[in-house]
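Here's a quick tour for anyone meeting this structure for the first time. Have a look at it below, then read on for the overall picture and a few spots to find for yourself.

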Amino acid sequence: MPDAAVAARSSEATNSGTTQQVDVAVVGAGFAGLYLLHRLRKAGFTTVVLEEAGDVGGTWYWNRYPGARCDIQTMDYSYTFDPELDREWTWSEKYATQPEILRYFGFVADRYDLRRDIRFNTRVKAANWDDTSERWQLTTDNGADVSCRYYIMATGCLSTPKPPEIDGVKDFKGEVYFTGRWPHDGVNLAGKRVAVIGTGSSGIQSIPLIAEQAAHLTVFQRTASFALPAHNGPSPDDRKTYFEADRAAYREQARWSLAGVPYPQEMAVSWQLSDAERRERFEKAWAAGDLVHILTQLWADQAADFDGNALIGKLIHEKIRAVVKDPETAAALSPHDHPFGSKRPCLDTNYYATYNRPNVTLVNLRQEPIKAITASGIVTDKRSVDLDVIVFATGFDAMTGAIMAVHPITGRAGKSLSSVWAQGPQTYLGLTVAGFPNLFMITGPGSPSVLSNMAVSIEQHVDWVVDRLAALRDAGFTTMEATETAQAGWAQHMADCSMLTLHRMANTWYTGANVPGKAQTLMPYNSGVGPYRGICNEVVSRGMLGFRLTGPNVAEQCNDGEVVRLQPDVRLVLGMLAEMNLPAIESMGAQGARDFLTEFNKGRPAGRPVGEVGSGALQGADGPLPYRLYRPATPGPHPIVVYFHGGGWVLGDEQSDDPFCRDICRRSGMIVVSVGYRHAPEHRFPAAAEDGYAATRWIAEHAADLGGRPGPVLVAGWSAGGNIAAVTCQLARDRGGPQIAGQLLVCPVTDSTFDRPSYVDNATGYFVTRSLMFWFWDIYCSPADRTDPRVSPLRGNLANLPPAFVATCEFDPLRDEGIAYAEALAAVGAPVEQLQARGHFHSSLMMVDVVITGVSARARMAEALRSFAGLPRKLEQIDQDTSPIAVNAAAG
Ligand code: NA7
């Protein structure tokens, strides 16, 4: 049915007694509720929308404070489901004002005749699931109660204002306003002494306009926000041209993007760019006045890496100092306690310049907290401010507030949602909750929501839900409920995702930290709308994975499981590799595979700077071998780590694990010497093993010449390199040296059998395959030699070996032989630390600055190396988790 014709359909809701019977009840007539109603009608469901406000608009109905505007370009903050609608409406400005956005919703409501199925001025007081009838029973405060099969919360993420939490508000004799509940007929502030408490988006948008009207404005700031000029006006030409060139393609690109606005993935990392290049990019972003641009387009590590992020903070501080004349005020306005982007940055018009006005005062609550609100004004530790008006721009009980606090929702066995969520929201996909059948949330906690263009996320959720309801109906199912397993898996995935970005390092409404007593967790899904969409689609394509479906005349269906078991970034990397449709490495021949690896490595981020990188030749078992040396920037002499690269004894060289060597050098503060040992098929077993041993001996003997600390060395290696490191320790013990202080084995080959479960479970699909490992073994080692401990160290004598750190990855064919080696070492009393990296594959931990979730594993490896060398486990604070900001955030 064409979209425009849907309006003509009747919703066919029926009333039985005092109860309205519908297929679907929706709460909220904002962006999500309106589209839901349209789509549900189109799919043939009887629907009622219950809305507390007097008209459509949701958050835009309530947020009418001066200066209220969208902070995503309105060209992007629009419905896209109907190209005709898209063409019929043209926004007048880059960031539309609240009245224009409200007019847009009115236009949409009229166009599809939506209001006739919306009950305005109606609040849901309670919602109870009735197991017998398999329906939700809703009690309302206005008119008939509602009985519905499906109950959908389209309540918005920022719609329940947070209480002011300051003593004495009730005592104040003047006027009190909340930005989130601004009077519809406006407020006259002319000639009045006004206070604004709060400097988030609402405060920052309203302060310049309030300052123009008020006799005096005092701004009470607890946390300074990062704000950049919106440069309002018409939509910028570059974006408009891009959009108009192919609207459908533009919209589709937005749907699969990171933030719901089509921007390319930035590839250059901050340390590859000069100061001048970084400044140029920053100035461009500052001039663009676009949050998505500045949050994604500066450099690839800006959102994930503390150092890369801090560069932006400094540049913005400069901008603030350039505008604000009083240095003390400028300093107070400059955020220092959270990474840029970890708290929602704001778009402003003349915000910083407003503080140059004689009638504006900034009170820094970090230095003088509010003691109380009195009858006449606000008292801080240092002053008393007399006021006529107080404006609370103190924000919202975000994400969960509107779902939980508006009314009790009671699911199966009388469990209330607020008790189930007491320790933080638990959802599957941010859409559903186990124990609450047929309940859906649009942009709920656990979905991209506020970390994306809401328009794109809302349409994706609405489409997914309505498509599922239609499919259930067609198959004869009447209930749909997430399983506990699926929900727990999603919680784990959310926790994994939270390690990808710096959001966890700030006290914000993203984490619930703005509401005293609220459980804290990163609530929005931070890994992008495109990947999230892919996961939702995968749930469907895998037979409604993680949902239990029941119906009166059909067999129950439950395909239980977790939709994402890989780390989020590993999932993306493996997805990209799969899309490349590469031929199997073993089909390329040894030289072809080496060429492929060289090309492949060119595409990875350059390793980070270390003090010095040098190269030279050392003496191997049968002639000179090249090496590459990574020296820390700190004064030496440093302990030396002898490193063996991966590549199945066939591929790679002393440079092929360059980013990992740099990372270990930086994190451990030690010299890393990467050895270019000989490869098969030119040099078969035991060439690599003997080279490993000879190189270690040579390096130990030449430690001082290399600038290293004389005495025991350490060995480390990945994959076949881990095999060589392990073998070297056994040979050094048996051949009278050199002394080795510790061994770091990352996904090592330790045995020549292929029958452990990990070889079966992870035989294909995770880049290193069972068949590739067969190929490596065949090239390097004849079957008769494979039980020799110089290639199968697990079969050797494990007594009296140096302490070991063994890292294995869950989705690696080599996982179980690595674990077996660690266990065998432990069994003979060797000190051994194990790290079983959940959700990682064979190459994960090597993919520095690509697989961010490998950071903590590499930090632990470096700590282990340091303890083997007799140094304190922790170097300085290179790890993000121990940065001063993280400590502040943790301390609240
Ligand atoms: P925000 O961004 O949560 O901002 C609220 C502001 O109010 C923020 O500066 C808070 O400081 C401050 N605040 C909150 N409670 C207090 C108390 N008790 N005392 C002093 N200051 C307080 O809400 P907004 O409405 O501005 O923006 C919400 C979103 O809407 C925005 O991101 C856009 O997406 C649209 P704090 O940071 O907690 O120290």
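**The quick picture**

The protein chain's secondary structure adds up to 28 helices and 30 strands; helices (H or I, at least four residues) and strands (E, at least two) are DSSP runs, numbered from the N terminus. It's a predicted model, where local features need pLDDT of at least 70, side-chain atom pairs count only at pLDDT 80 or more, and totals for chains, interfaces and linings use all residues. Residues are numbered from 1 along each chain as its sequence is written, and side-chain values use heavy atoms, with hydrogens and water left out.

**Overall shape and surface**

- Measure the C-alpha trace of the protein chain along its principal axes and you get a span of about 90 × 75 × 50 Å.
- The radius of gyration (taken over C-alpha atoms) is compared with a globule rule of 2.2 Å times the number of residues to the power 0.38. For 892 residues a compact globule would come out near 29 Å, and the protein chain, at 31 Å, agrees with that.
- Of the 892 residues in the protein chain, 61% are buried; buried means under 20% relative accessible area, exposed over 50%, and partly exposed in between (1.4 Å probe, protein chains only).
- About 33,000 Å² of the protein chain is exposed, and carbon and sulfur atoms supply 52% of that. Accessible areas come from the Shrake-Rupley method with a 1.4 Å probe, and for residues only the protein chains shown count as cover.
- Take the contacts in the protein chain with a separation of 6 or more: 74% of them are between residues 24 or more positions apart. Contact here means heavy atoms within 4.5 Å.
- The protein chain has 82 positive and 98 negative charges, and their mean positions are 3 Å apart. Lys and Arg count as positive and Asp and Glu as negative, while His and the chain ends are not counted; a charge is placed at NZ of Lys, CZ of Arg, CG of Asp or CD of Glu.

**The nonpolar cores**

- A nonpolar core is a set of buried Ala, Val, Leu, Ile, Met, Phe, Trp, Tyr and Cys residues joined through side-chain atoms within 4.5 Å.
- The largest one has 83 residues, and those touching the most other members are Tyr79, Ile152, Leu429, Trp464, Leu469, Trp490 and Phe547.
- Helix α16 (residues 454-475) gives the most to this core, with 10 residues.
- Another core, of 64 residues, lies apart from it, and its members include Ile671 and Ala820.
- Setting aside neighbours within four places in sequence, Trp490 is in contact with residues including Thr427, Leu429, Tyr525 and Val564.

**Cis peptide bonds**

- Ala680 and Pro681 are joined by a cis peptide bond, with omega at about 5 degrees. You'll find Pro681 in the loop between β26 (671-675) and α22 (687-701).
- The bond from Gly737 to Pro738 is cis too, with omega near 5 degrees. Pro738 sits in the loop between α23 (720-734) and β28 (740-746).

**Positive phi without glycine**

- Asn121 isn't a glycine, yet its phi is positive, at about 50 degrees. This residue is in the loop between β4 (118-119) and β5 (124-130), and its relative accessible area of 47% makes it partly exposed.
- Phe767 is a residue other than glycine with a positive phi, near 70 degrees. Look for Phe767 in the loop between α24 (757-761) and α25 (770-780); with a relative accessible area of 26%, Phe767 is partly exposed.

**Three buried spots to find**

- Met544 is in the loop between α18 (529-541) and β21 (547-551), and it counts as buried because its relative accessibility is 8%. Beyond residues up to four places away in sequence, Met544 touches Trp464, Arg468, Met480, Val539, Leu549, Gln557 and Asn559.
- Phe776 belongs to helix α25 and is buried, with a relative accessible area of 6%. Not counting residues up to four places away in sequence, Phe776 touches Gly647, Gly648, Trp649, Val650 and Leu651.
- Ala687 is part of helix α22 and is buried, at 8% relative accessible area. Leaving out residues up to four places away in sequence, Ala687 touches Arg678 and Tyr780.
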